[in-house]
Amino acid sequence: MFESFSIVFTISALFSYINYKWLKLPTTIGLMILSLILIVPIALSKTVFPEFYTFFCNIIVNADFKTLLLNGILSFLLFAGALHVNLAALTKEKKSIFLFATLGVLISTCIVGSLTFFGAQLIGLELPFLHALLFGALISPTDPIAVMAILKEANIAESLGIKIEGESLFNDGIGVVVFSGILLIAAATGELSNTEIGTEIGLLFLEEAVGGLFYGFVIGFLGLKCIQSLTENPQLAVMITLAVVMGGTAGAFLMEVSAPLAMVVAGLFIGNKIHVNEDKNPIQKAISSFWEILDDVFNGILFGLIGLAIHLLNINTSYFLLGVFAILIVLLARFISVFLPYSLLKHEETKPMKTVAVLTWGGLRGGISIALALSLGEELSRDLILHITYIIVLFSIIVQGLTIGKVVKKIYS
């Protein structure tokens with residue numbers, strides 16, 4: 001795994017350099033496009049240099065995308081992202097963020113699952129309704145990694161950026177809980193009564209979501225007290241933040257609470273209490289610089305790996321058609337799942353539909369959806385779900401990611 005990780009990291013670093021010097025695209029998009037370009041000669045080498053092709057395939061497989069993201073770099077990226085978010089601005093948008101991250105995810109899951117189920121039937125593909133709901137659950141949360149990486153380049157209004165950023169930070173944790181709940185139903189069909197299933201899902205939500213939020217506050221508080229006791233020694237302060245993420249993630253797995261939600265809370269708490277964005281003292285500067293670098297490094301690896309792994313799929317015409325259809329379904333579901341919660345709120349905008357439109361187009365999907373799709377067993381339509389998930393993620397990051405800035409300017413011009 002270390003050898004594979006090292007090779008993927010080196011490719012990502014090289015592509016980041018090429019993108020910076022010549023393409024000048026947002027880093028995540030540039031890396032994915034270059035990775036997709038690299039796949040063409042590698043795929044062609046399958047018949048000419050089969051040993052090289054097999055070696056490259058093994059690199060991607062051994063990197064273990066699912067484990068690497070869900071059990072590893074996701075915690076680092078969420079903490080790094082939350083560390084620099086303005087908590088005061090986030091608090092002003094707390095109602096909309098809460099509704100988008102909870103009610104919005106549930107609405108989107110139901111719409112995407114139902115329409116994808118009927119779409120698969122029209123095309124002639126077998127996709128049980130419960131499996132379609134699993135797809136709806138894994139594709140509905142916007143990806144905080146993709147969203148926050150692209151928003152840096154989009155230059156949108158602060159209040160709108162906070163809505164998108166805040167929602168994406170929290171709804172992936174909620175989305176994982178919804179996904180786990182539907183997975184529980186799929187596994188327990190015929191074994192548990194509806195009441196027992198409902199109780200299990202309720203307990204799962206309490207343990208994962210509520211437990212994750214509380215646990216994140218505890219480890220964030222302990223980490224903060226350690227950092228605040230240091231008058232100097234920025235290196236030790238950075239080590240403490242690393243310990244919060246690494247030790248905190250390990251503890252979350254042991255206690256079966258949501259590590260993503262815990263890292264978001266810990267990052268928000270520490271970042272805002274030490275005012276990490278001010279960069280006035282050595283500790284602030286060290287923590288800010290270190291996590292910005294780590295954020296770029298892991299983003300490079302993640303999005304490079306997304307592009308490099310696509311050659312492992314064998315996309316046929318039916319899968320491709322359903323994937324294209326699912327793009328439209330996901331955009332429609334995103335619009336409805338934003339519009340309905342947003343209509344329940346009081347807001348100052350004179351034309352709230354503009355905000356809904358930007359939130360719809362700015363809801364990017366990324367590596368978390370792919371990782372959840374990879375976690376499915378073959379008996380849960382894994383192959384079909386993974387293919388259509390990949391198509392949506394590629395469209396989301398490349399098309400929506402490249403145009404979000406232009407869309408905002410067009411809507412607000």
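**Reading a predicted helical chain**

Guide: Let us start at a junction, for Asp64 sits in the loop between helix H3 (50-63) and helix H4 (65-83), and please keep in mind that the model in front of us is a predicted one.

Visitor: Which backbone angle of Asp64 is positive, although Asp64 is not a glycine?

Guide: The angle is phi, which for Asp64 is about 55 degrees. As for its surroundings, Asp64 counts as partly exposed because its relative accessible area is 29%, between the 20% below which a residue is called buried and the 50% above which it is called exposed.

Visitor: Where does His275 lie, and how should I read its phi of about 50 degrees?

Guide: His275 belongs to the loop between helix H12 (259-273) and helix H13 (282-308), and here too phi is positive in a residue that is not a glycine. His275 is partly exposed, with a relative accessible area of 42%.

Visitor: Stepping back to the whole chain, how many helices and strands are there?

Guide: The chain contains 17 helices and 0 strands. Its radius of gyration is 21 Å, close to the 22 Å that the globule rule gives for 413 residues, so the chain is as compact as a globular protein of that length. The C-alpha trace spans about 65 × 55 × 50 Å along its principal axes.

Visitor: What percentage of the residues is buried, and what do the contacts say about separation in sequence?

Guide: Of the 413 residues, 54% are buried. If one takes the contacts between residues at least 6 apart in sequence, 82% of them join residues at least 24 apart. The chain exposes about 18600 Å², of which carbon and sulfur atoms supply 67%.

Visitor: How should I read burial within a single helix, and which residues of H15 are buried?

Guide: The general idea is that an α-helix has 3.6 residues a turn, so residues three or four places apart point the same way. In helix H15 (residues 352-361), the buried residues are Thr355, Val356, Val358, Leu359 and Thr360. Their cover includes helix H6 (94-123), H9, helix H14 (317-343) and helix H17 (382-412).

Visitor: Is Glu165, in helix H9 (residues 158-188), buried or exposed, and what does Glu165 touch?

Guide: Glu165 is buried, because its relative accessible area of 18% falls under the 20% cut-off. Leaving out residues up to four places away in sequence, Glu165 touches Val85, Met148 and Leu151.

Visitor: Which residues are in contact with Thr241, beyond its neighbours within four places in sequence?

Guide: They are Phe79, Ile227, Ile287 and Trp291. Thr241 itself is part of helix H11 (residues 234-255), and at 0% relative accessibility Thr241 counts as buried.

Visitor: How many positive and how many negative side chains does the chain have?

Guide: There are 22 positive and 28 negative side chains, and the centres of these two sets lie 14 Å apart.

Visitor: How many disulfides are counted?

Guide: In general, a disulfide is a covalent bond between the sulfur atoms of two cysteines. The rule used here asks for a pair of cysteine sulfur atoms within 2.5 Å, and by this rule the count is 0. As for individual cysteines, Cys57 counts as buried at 12% relative accessibility, whereas Cys226 counts as partly exposed at 38%.

Note on methods
Residues numbered from 1 in each chain as written. Predicted model: local features only at pLDDT ≥ 70, side-chain atom pairs only at ≥ 80, totals over all residues. Heavy atoms only, no water. Helix = DSSP H or I, 4+ residues; strand = E, 2+ residues; numbered from the N terminus. Rg over C-alpha atoms; globule rule 2.2 N^0.38 Å. Buried < 20%, exposed > 50% of the residue type's maximum accessible area, 1.4 Å probe, protein only. Contact = heavy atoms within 4.5 Å. Areas by Shrake-Rupley, 256 points an atom, 1.4 Å probe, with all protein chains shown as cover. Lys, Arg positive; Asp, Glu negative; His and termini not counted. Charge placed at Lys NZ, Arg CZ, Asp CG, Glu CD.
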